[in-house]
Amino acid sequence: MRVRVLILPRKGLLDPEGRAVKEMLLEEGFSVKNVKVGKVVELEVEDDTDVKAIAEKYLVNPLVEEYVIE
Amino acid sequence: MKFAVCVFPGSNCDYDTYYVIRDLLGQEVSFVDHHTRSLSGFDCVIIPGGFSFGDYLRAGVLASKTPLGHALVDFSQKGGLLLGICNGFQVLTELHLLPGALLRNQGMSFLCMDVYLRVENNSLPFTREFERGEVIRLPIAHGEGRYYVPEDELKRMEERGQVVLRYCDAEGNVNPKSNPNGSTDNIAGVCNKEGNVFGLMPHPERACEDVLGYRDGIILWHSLIV
């Protein structure tokens, strides 16, 4: 199966990259409330693979990031 | 003393560090690569600056999962002295040998400049040649040096003396203006509870000779061998 892990800066933490993109979009005339920039890790794995374990142990630093498995 | 300098693919301050230890300190020093499984026989191990594994995924994380990463945990648990500089500091937080994490600089820029630092704890093997409260000047060069630690953990760290260096101005004032990257509480360097693991963003190995315009870095290195 193909699984995507979406990783974003944790809520409440300053995300300078997201802020820079937001400012650019506001300058361009878009009404944007908030922007976060993260990353996507796409895995091709067997159906019984523990993707949560992979995410929590390797892909994500829970102190500063949160994630969603798609 | 017997020193080791870690070399991960992408380390780039390894030779500077090796040079300082061999030529300026006159100590025995070896390079150890990322396949290394044991660090027994060494007294002090340095994780140098650079971009280990290209900073892929998160700065320091891929280095932390190598055989050498595991050996570093073992080495520190046996009481060995472990120093992480810049990317080495990022590796130490990813190994959970030091609390907190290092995030992208607040201002988005890569910072390559001199900073003033206040020595908050001079009781460590790494800092004992400094005075407490002494203001020193070292260079920084990083894109991800914003130290972050949650407030409750910071409180515990303060009580234990784990905050070792803070960014300040030339007079020693610690304030938002003297904080180059948005670090929590102006923190530039921290140690573990036991005091044998120390990580810092500034580069003491680049600040050891008058010809380079610095004197303060060598004091840290001298502290290790007194």
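Helix 6 of chain B spans residues 216-225, and its buried residues are B:G217, B:L220, B:W221 and B:L224. These residues lie on the same side of the helix, because the arc they cover around the axis is only 90°. The elements that cover them include helix 1 (14-24), strand 3 (44-47), strand 4 (81-85) and strand 7 (135-142), again of chain B. This is a predicted model, and it scores ipTM 0.88 and pTM 0.95. For chain B the average pLDDT is 97, and 100% of the residues score at least 70.

Helix 1 of chain B is among the elements that cover helix 6, and it has a buried set of its own. That set consists of B:T17, B:Y18, B:V20 and B:I21. Their arc around the axis is only 160°, so they too are placed on the same side of their helix. The cover over these residues includes strand 1 (2-7), strand 2 (28-33), strand 3 and helix 6 of chain B. Helix 6 is thus listed in the cover of helix 1, just as helix 1 is listed in the cover of helix 6. Strand 3 is named in the cover of helix 6 and also in that of helix 1. After helix 1 comes B:G26, which has a positive phi, near 70°.

The two helices belong to a chain with 6 helices and 11 strands. Its radius of gyration is 16 Å, which agrees with the value near 17 Å for a compact globule of 226 residues. The C-alpha trace of chain B extends over about 45 × 35 × 30 Å along its principal axes. Of the 226 residues in this chain, 53% are buried. Taking the contacts of chain B between residues at least 6 apart in sequence, 75% are between residues at least 24 apart.

The largest nonpolar core contains 72 residues, and those that touch the most other members are B:C6, B:V45, B:I46 and B:L117. What does B:C6 touch, if residues up to four places away in sequence are not counted? The list is B:S11, B:V32, B:V45, B:I46, B:I47, B:P48 and B:L68. Two of the residues on that list, B:V45 and B:I46, are themselves among the core residues that touch the most other members.

Two loop residues of chain B deserve a look for their backbone angles. Most residues other than glycine have a negative phi. B:H96 is not a glycine, yet its phi is positive, about 60°. B:H96 sits in the loop between helix 4 (87-94) and strand 5 (101-103) of chain B. B:N186, also not a glycine, has a positive phi of about 60°, and its place is in the loop between strand 9 (163-168) and strand 10 (187-191) of chain B. Is each of these residues buried or exposed? B:H96 is exposed, because 11 other C-beta atoms lie within 10 Å. B:N186 is buried, because it has 23 C-beta neighbours inside 10 Å.

Chain A has 2 helices and 3 strands, and from the N terminus on they run in the order β-α-β-α-β. For 70 residues a compact globule would have a radius of gyration near 11 Å, but the value for chain A is 15 Å. Along its principal axes the C-alpha trace of chain A covers about 45 × 25 × 15 Å. Buried residues account for 6% of the 70 residues in this chain. Among the contacts in chain A with a separation of 6 or more, 64% involve residues 24 or more positions apart.

One residue of chain A, A:K22, lies in helix 1 of that chain, residues 16-27. A:K22 counts as partly exposed because it has 18 C-beta neighbours inside 10 Å. Which residues are in contact with A:K22, leaving aside neighbours within four places in sequence? They are A:V32, A:N34 and A:V35. A:K36 is 14 residues from A:K22 in sequence, and the C-alpha atoms of these two residues are 8.4 Å apart in space.

The last topic is where the chains meet. Here 10 residues of chain B are in contact with 9 residues of chain A. On the side of chain B that touches chain A, 5 residues are nonpolar, 3 are polar and 2 are charged.

Terms used
Residues are numbered from 1 along each chain as its sequence is written. Chains are lettered from A and ligands numbered from 1 in the order in which they are written. This is a predicted model: local features need pLDDT of at least 70, side-chain atom pairs count only at pLDDT 80 or more; totals for chains, interfaces and linings use all residues. A residue is buried if 20 or more other C-beta atoms lie within 10 Å of its own, exposed if 12 or fewer, and partly exposed in between; C-beta atoms are placed from the backbone. Helices (H or I, at least four residues) and strands (E, at least two) are DSSP runs, numbered from the N terminus. The arc is that of the directions from the helix axis to the C-beta atoms. Two residues are in contact if their C-beta atoms, placed from the backbone, lie within 7 Å. The radius of gyration is taken over C-alpha atoms; the globule rule is 2.2 Å times the number of residues to the power 0.38. Ala, Val, Leu, Ile, Met, Phe, Trp, Tyr, Cys and Pro count as nonpolar, Asp, Glu, Lys and Arg as charged, and the others, Gly among them, as polar. A nonpolar core is a set of buried Ala, Val, Leu, Ile, Met, Phe, Trp, Tyr and Cys residues joined through C-beta atoms within 7 Å. pLDDT is the predictor's confidence in each residue, from 0 to 100.
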